[in-house]
Amino acid sequence: MSNYQIENLEEYFKVYRESVENPKAFWEEIAENHFTWKKRWDTVFSGDFDSANIKWFEGAKLNITENCIDRHLADRGDKTAILFEPNNPNEKAQHITYNSLSKRVNKFANVLKAQGIKKGDRVCIYLPMIPELAVSVLACARIGAIHSVVFAGFSSTALAARIKDSSCKLVITSDGSFRAAKTIDLKGIVDEALNECDCIDSVLVAKRINSDISMKTGRDQWLQPLLDQALEVCEPEVMDAEDPLFILYTSGSTGTPKGMVHTTAGYMVYTTYTFKNVFQYRTDDIYWCTADIGWITGHSYIVYGPLANGATTVMFEGVPNHPDYGRFWDIVEKNKVTQFYTAPTAIRALAKEKIDFVQNRDLSSLKVLGSVGEPINEEAWNWYNENIGKRKSPIVDTWWQTETGGIMISPIPYVTPTTPTFATLPLPGIQPALMAADQSELIGNQLEGSLCIKQPWPSIARTIWGNHQRYKETYFSAFKNMYFTGDGAKRNEVGYYRLTGRVDDVIIVSGHNLGTAPIEDAINEHPDVTESAIVGFPHNIKGNALYGYVTLKETVRTRDKNQLQKEINQLITEHIGPIAKLDKIQFTQGLPKTRSGKIMRRILRKIASNDISNLGDISTLLNPEIVAGIIQSRLSQ
Ligand code: WT7
């Protein structure tokens with residue numbers, strides 16, 4: 001109990017040592033003292049990576065919603081659980097208390113039951129960032145239905161593929177969604193998807209934009225009238241520790257998306273513990289993660305982790321630049337947000353705008369800043385630190401994955417001294433290893449290799465829905481008895497980890513291993529550059545050569561390109577060496593990104609190699625329109 005919240009570096013090292021020397025005792029103590037169980041576990045942990053049969057807290061019985069809601073009602077029923085900030089700043093924010101969340105979740109759970117949904121059934125949730133999204137996730141968990149949230153920016157094809165893969169029985173959606181000044185016809189997208197699916201019996205539709213939509217008789221129903229009639233009490237389903245809680249799809253480097261399956265007890269214990277420590281959460285804090293609940297970040301650190309801690313979690317429906325680029329800071333000021341957690345891509349987008357958007361707002365409530373999703377480049381880190389954190393709020397660069405369920409490597413704020421671009425040290429219970437290509441482990445500091453994790457931790461995904469074999473092959477076949485992350489990392493002289501990007505982003509030029517991230521960092525230091533991406537393309541002599549896509553700031557787009565190319569290569573030479581100089585540079589208006597803000601290198605690679613006949617599905621991109629422009633200027637080179 002005493003070690004639950006880590007308060008200084010010495011304590012971190014002590015707790016860390018205990019956690020790896022005796023992981024069972026470590027996690028057992030946490031599970032025992034901080035959660036509500038209906039029955040205690042028989043075994044803390046069993047299984048191993050090679051057999052891919054990991055189990056935590058087997059024998060225990062619980063319901064995660066009792067831990068996220070019911071147990072808070074006696075002491076803080078009137079505290080805000082979810083603080084909803086709508087897309088339109090003139091629409092009133094909603095403060096949903098724990099009492100009110102409890103009623104809404106119970107009613108929704110009863111509605112699902114009345115639709116014939118039972119424990120183990122899959123329910124697809126395709127909703128914008130409105131309170132019904134969090135409520136429906138929790139309602140599924142209440143009755144033991146497995147939720148599969150699909151980010152409401154995915155196309156109908158992507159949605160249909162996900163519904164079919166896990167044969168969902170019911171879809172929860174809305175008439176539409178707001179995005180800045182536009183609306184999106186979500187129900188129309190669902191209708192289109194369902195033309196391809198025959199597993200769906202019913203569709204529940206929340207009203208958000210009041211649009212005139214068509215409802216299919218016998219299948220579609222408005223949600224509100226059903227909720228109005230439902231009872232406020234729904235006994236939580238008794239779940240086994242290892243019963244699936246949810247499926248969340250993540251794209252693999254090849255093939256169909258993988259439905260990662262997370263189970264109940266281990267996921268709950270790990271996300272709750274890491275939320276508390278990584279954000280140094282205290283009772284009166286107002287915590288805001290800007291991610292969408294459609295991603296794992298939203299599952300673990302908007303819904304489950306914060307609510308299990310009895311926190312106030314902000315849910316924001318809008319985008320960072322509507323009505324202007326100060327929106328994030330307006331919300332921070334208005335609600336006195338204490339922890340702010342976002343992605344490097346958002347930071348870079350905001351950093352290139354006028355600093356007045358930041359300076360006109362009072363950000364003094366902030367105590368902790370978080371970053372997640374990709375390596376944060378030094379320039380963005382410094383901007384975040386200086387302008388948002390005013391050099392007093394530590395930045396936690398949190399490394400983790402959909403598959404890991406929770407944050408794995410991260411500073412603990414006010415405990416771990418930070419270094420720009422370093423995710424720093426593993427959290428308790430996590431044992432990273434750097435592996436060489438010959439399968440040997442790299443022991444010692446100042447080394448770089450493939451990042452693996454040595455021992456199972458409570459929130460690791462247990463399988464890929466319907467394809468356990470693929471799970472084994474993807475994560476446990478590259479290195480013996482280790483979980484392979486797919487990322488590269490280096491360890492510096494004090495043992496801090498720096499993530500260097502996906503291992504598949506490494507480009508071998510004339511026999512030299514070049515990571516794309518450091519080259520991009522060098523380019524991004526140029527004052528005229530907003531963003532860049534490096535890919536390899538085939539070269540007769542070098543094997544591969546480097547091709548750079550560079551987005552310039554709007555004000556300098558008329559500058560002499562030859563001169564700019566020279567300056568960029570000069571910077572690379574200075575930072576990495578002449579070996580990393582680019583053979584070709586193409587100036588772009590923007591880069592193709594996934595919805596979670598990752599640059600789609602697959603597409604850029606093809607364009608660089610002049611292989612544009614089959615770009616694959618680009619419909620799930622954030623900005624598919626950007627691709628045509630890049631191809632056009634490539635062809636006119
Ligand atoms: C991949 C996982 C986990 C939440 C969102 C993404 C990259 C994530 C960091 C970070 C460097 C990072 C990795 C990882 N990544 N966080 N702090 N520093 N890289 O989840 O979509 O499953 O992606 O995102 O490459 O493998 P995801």
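# A tour of the predicted model, sheet by sheet

Begin with an open sheet of three strands, which has the order 28-29-30 and mixed pairing; helices and strands here are DSSP runs numbered from the N terminus, a helix being H or I over at least four residues and a strand E over at least two, and two strands pair if DSSP finds at least two bridges between them. This is a predicted model, in which local features need pLDDT of at least 70 and side-chain atom pairs count only at pLDDT 80 or more, while totals for chains, interfaces and linings use all residues. Residues are numbered from 1 along each chain as its sequence is written, and side-chain values use heavy atoms, with hydrogens and water left out.

**The three-stranded sheet.** Select strand 28 (529–539) and strand 30 (584–588), the edge strands, each of which pairs on one side only. Neighbouring strands of this sheet are turned by 25 degrees against each other on average, direction ignored; axes are lines fitted to C-alpha atoms, for helices over the stretch in contact, and angles run from 0 to 180 degrees between N-to-C directions. Add strand 29 (residues 543–552), which pairs with strand 28 in the antiparallel sense over 10 bridges, and then pick out Ser532, which stands opposite Val550 in strand 29.

**The seven-stranded sheet.** Move next to an open sheet of seven strands with mixed pairing, whose order is 5-4-17-16-18-19-20. Strand 5 (94–97) and strand 20 stand at its edges with a single partner strand each, so one side of each is left without a neighbour in the sheet. On average, and with direction ignored, neighbouring strands of this sheet are turned by 20 degrees against each other.

Within this sheet, select strand 16 (residues 286–289) together with strand 18 (residues 339–342), which pair in the parallel sense over three bridges. Trp288 stands opposite Phe340 in strand 18, and the bridge partner of Cys289 in strand 18 is Tyr341. Strand 19 (residues 368–371) is joined to strand 18 by four bridges, and these two strands run parallel; here Phe340 stands opposite Leu369 in strand 19. Colour strand 18 by accessibility and both of its faces prove to be covered, with Gln339 and Tyr341 on one side and Phe340 and Thr342 on the other all buried; buried means under 20% relative accessible area, exposed over 50%, and partly exposed in between, with a 1.4 Å probe and protein chains only.

**Strand 15 and its partners.** Now select strand 15 (residues 258–263), where six of the six residues are buried. Lys258, Met260 and His262 lie on one face and Gly259, Val261 and Thr263 on the other, and both faces are covered. Strand 14 (residues 244–250) runs antiparallel to strand 15 and is joined to it by six bridges, with Val261 of strand 15 as the bridge partner of Ile247. Strand 23 (residues 463–464) also pairs with strand 15 in the antiparallel sense, over two bridges, and Val261 stands opposite Thr463 in strand 23.

**The ligand.** Show the ligand and the 16 residues around it, of which Asp397, Thr398, Gln401, Thr402 and Asp487 come nearest; a residue is near a molecule or strand if one of its heavy atoms lies within 4 Å of it. By class, the shell has six nonpolar, five polar and five charged residues, where Ala, Val, Leu, Ile, Met, Phe, Trp, Tyr, Cys and Pro count as nonpolar, Asp, Glu, Lys and Arg as charged, and the others, Gly among them, as polar.

For distances, go to Thr402, where an N or O atom in the side chain is 2.6 Å from an oxygen atom of the ligand, and to Thr398, where a polar backbone atom is 2.8 Å from a nitrogen atom of the ligand. The protein covers 90% of the 550 Å² of accessible area that the ligand has on its own, the areas coming from the Shrake-Rupley method with a 1.4 Å probe. Helix 10 (296–308) and strand 25 (497–502) are the elements that give two or more residues to the shell around the ligand.

**Backbone details in the loops.** Finish with three loop residues. Pro323 is found between strand 17 (312–316) and helix 11 (327–335), and the peptide bond from His322 to Pro323 is cis, with omega near 0 degrees. Lys390, between helix 14 (378–388) and strand 20 (395–397), has a positive phi near 50 degrees although it is a residue other than glycine, and counts as partly exposed at 41% relative accessibility. Thr421, in the loop between strand 20 and strand 21 (432–435), is likewise not a glycine and has a positive phi of about 75 degrees; at 5% relative accessibility, Thr421 counts as buried.

Technical notes:
A polar contact is a pair of N or O atoms within 3.5 Å; within protein, one must be able to donate a hydrogen and the other to accept it, and residues adjacent in sequence count only if both atoms are side-chain atoms.
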